[in-house]
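This report takes up the surroundings of a bound ligand first, and then turns to a few residues elsewhere in the chain. Please keep the sequence and the structure at hand while reading.

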Amino acid sequence: MRRAIYPGSFDPVTNGHLDIIQRGCKLFDEIIIAVLVNPDKTPFFSVEERCEILREVVNEIERGDCHLTVESFEGLLVQYAADRQANAIVRGIRAISDYEYELQMALMNRRLQPRLETVFMMPAEAYSYVSSRLVKEVFQLGATIEGLVPPLVEERMRLKK
Ligand code: PNS
């Protein structure tokens, strides 16, 4: 049983995240999409809203035989991964600029939990510039985010406006 954790803020989930989940489904039997509870940040969507949105949108994607679940987590990622008996952490890398931070996290996580592997995956080029932060910024400034996020996310963002 190959079980991976795909952790993140997912505020909001983008089509880039969904692309990574679909690719991960080819490698793992189960992926737990884990939404970080971060009291330091003021999010656009609450953790509960993000989990609810994720659950709906991952239902629509091509997942093969991979079992997908969505949960929130607090504290150290490696501890959460151990509690869930996961073998790997999945992270998406869009560009070299992501790599430095991701490498630091991967190596720190390896130091803390040597048996847990980090797997970096590349999304489709079409999503190489898509981030939750920019999606929120352009949306709040009135631009369209069609094609960057699932339609449900855009709908839910409009309701918040
Ligand atoms: O989507 P993000 O915000 O880039 O995800 C970052 C995340 C959730 C992967 C990272 O902040 C994390 O793992 N936080 C949990 C706390 C932890 O384990 N910190 C040490 C990381 S080396």
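An oxygen atom of the ligand lies 2.6 Å from an N or O atom in the side chain of Ser-9, in what is a predicted model. Two further approaches to ligand oxygen atoms can be set beside that one: Leu-77 takes part through a backbone N or O atom, whereas Arg-91 takes part through an N or O atom of its side chain.

| Residue | Part of the residue | Distance to a ligand oxygen atom |
|---|---|---|
| Ser-9 | side chain N or O | 2.6 Å |
| Leu-77 | backbone N or O | 2.8 Å |
| Arg-91 | side chain N or O | 2.9 Å |

Taken alone, the ligand would expose 550 Å², and the protein buries 75% of that area. The ligand sits in the largest pocket, and the elements that give two or more residues to the shell around it are strand β1, residues 3–8, and helix α4, residues 96–112. The largest share of this shell, 3 residues, comes from α4.

The residues around the ligand include Pro-7, Gly-8, Leu-36, Phe-73, Met-105, Met-108 and Asn-109 as well as the three in the table. Sorted by class, the shell is made up of 7 nonpolar, 4 polar and 1 charged residues.

Which residues have a positive phi although they are not glycine? One of them is Phe-10, with phi near 50°, and another is Gln-85, with phi near 55°. Phe-10 is found in the loop between β1 and α1, and it counts as buried because its relative accessibility is 3%, where the limit is under 20%. Gln-85, by contrast, lies in the loop between α3, residues 77–83, and β4, residues 88–92, and it counts as exposed because its relative accessibility is 63%, where the limit is over 50%.

The loop that holds Phe-10 is also where Pro-12 is found, between β1 and α1, the latter spanning residues 15–24. A cis peptide bond joins Asp-11 and Pro-12, with omega at about 5°.

Arg-156 has its place in helix α6, residues 151–160. At 16% relative accessibility Arg-156 falls under the 20% limit and therefore counts as buried, and its side chain is joined to that of Glu-52 by a polar contact of 2.9 Å.

Methods: Residues numbered from 1 in each chain as written. Predicted model: local features only at pLDDT ≥ 70, side-chain atom pairs only at ≥ 80, totals over all residues. Heavy atoms only, no water. Near = heavy atom within 4 Å. Polar contact = N/O pair within 3.5 Å; in protein donor to acceptor, adjacent residues only side chain to side chain. Areas by Shrake-Rupley, 256 points an atom, 1.4 Å probe, with all protein chains shown as cover. 1 Å grid on protein atoms, 1.4 Å probe; cavity = no way out; pocket = protein on both sides within 12 Å on 5 of 7 lines; lining within 4 Å. Sits in = over half its atoms within 2 Å of the grid points. Helix = DSSP H or I, 4+ residues; strand = E, 2+ residues; numbered from the N terminus. Nonpolar A, V, L, I, M, F, W, Y, C, P; charged D, E, K, R; others polar. Buried < 20%, exposed > 50% of the residue type's maximum accessible area, 1.4 Å probe, protein only.
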